[in-house]
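Welcome, and please load the model in your viewer. We will go from stop to stop, with something to select at each one.

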Amino acid sequence: NAWISSSSDNLWAGLVLKLYEGVEARFGPAYAQAEYQANMIACIVRLLCGIVGINIGVLLAVSTDLRSFEEESTARYEEGVLFVDDLAKQVAGISIGVFSLLTAA
């Protein structure tokens, strides 16, 4: 009825319902059941592919983060070693200077 299906949502829902009823009448209820099962299998496959894709993305992100963390920590370690070496040289120089001042007096 055109007056009942006056809004576009109701119109499209009615058209889809009539199409499904027509397909079921033409091919029988077994077709509708087979289509439902095929859609469920397709949804499950999409879900599994999505889960696998998300896991791969997380693994790649984690491995990239670990690599960058390793590179950054190696660089910071080398900077720390250089700092300690420079600090030791400065302390040694200051100690020699203080010692020479104390012994000269």
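## Stop one: the cysteines

Select C49 to begin: this residue is exposed, with a relative accessible area of 52%. Keep in mind as you look around that the model is predicted. Now add C43, which is partly exposed at 43% relative accessible area. How many disulfides does the structure hold? The count is zero. As a reminder, a disulfide is a covalent bond between the sulfur atoms of two cysteines.

## Stop two: the whole chain

Zoom out and switch to a cartoon view. You should find two helices and zero strands. Next, turn on the surface. Of the protein's 105 residues, 1% count as buried. The accessible surface comes to about 9,300 Å², and carbon and sulfur atoms account for 70% of that area.

## Stop three: a nonpolar patch

Select I44, L47, L48 and I51 together and colour them. These four residues make a nonpolar surface patch of about 380 Å². Then click on I44 alone. Where is this residue found? I44 belongs to helix α2, which covers residues 29–104. Is I44 buried or partly exposed? With a relative accessibility of 47%, I44 counts as partly exposed, because the partly exposed class lies between 20% and 50%.

## Stop four: the salt bridge

For the last stop, move to helix α1, residues 8–27, and show the side chains of K18 and E21. A search of the whole structure finds one salt bridge, and here you can see the side chains of E21 and K18 meeting in a salt bridge, with 3.7 Å from N to O. How are the two placed along the helix? They are three residues apart in helix α1, so about one helical turn separates them. Finally, check the surface at this pair: K18 is exposed, with a relative accessible area of 58%, while E21 is partly exposed at 39%.

Conventions
Residues numbered from 1 in each chain as written. Predicted model: local features only at pLDDT ≥ 70, side-chain atom pairs only at ≥ 80, totals over all residues. Heavy atoms only, no water. Disulfide = S-S within 2.5 Å. Buried < 20%, exposed > 50% of the residue type's maximum accessible area, 1.4 Å probe, protein only. Helix = DSSP H or I, 4+ residues; strand = E, 2+ residues; numbered from the N terminus. Areas by Shrake-Rupley, 256 points an atom, 1.4 Å probe, with all protein chains shown as cover. Patch = residues over 30% accessible without salt bridge, like charges linked within 9 Å, V, L, I, M, F, W, Y side chains within 5 Å.
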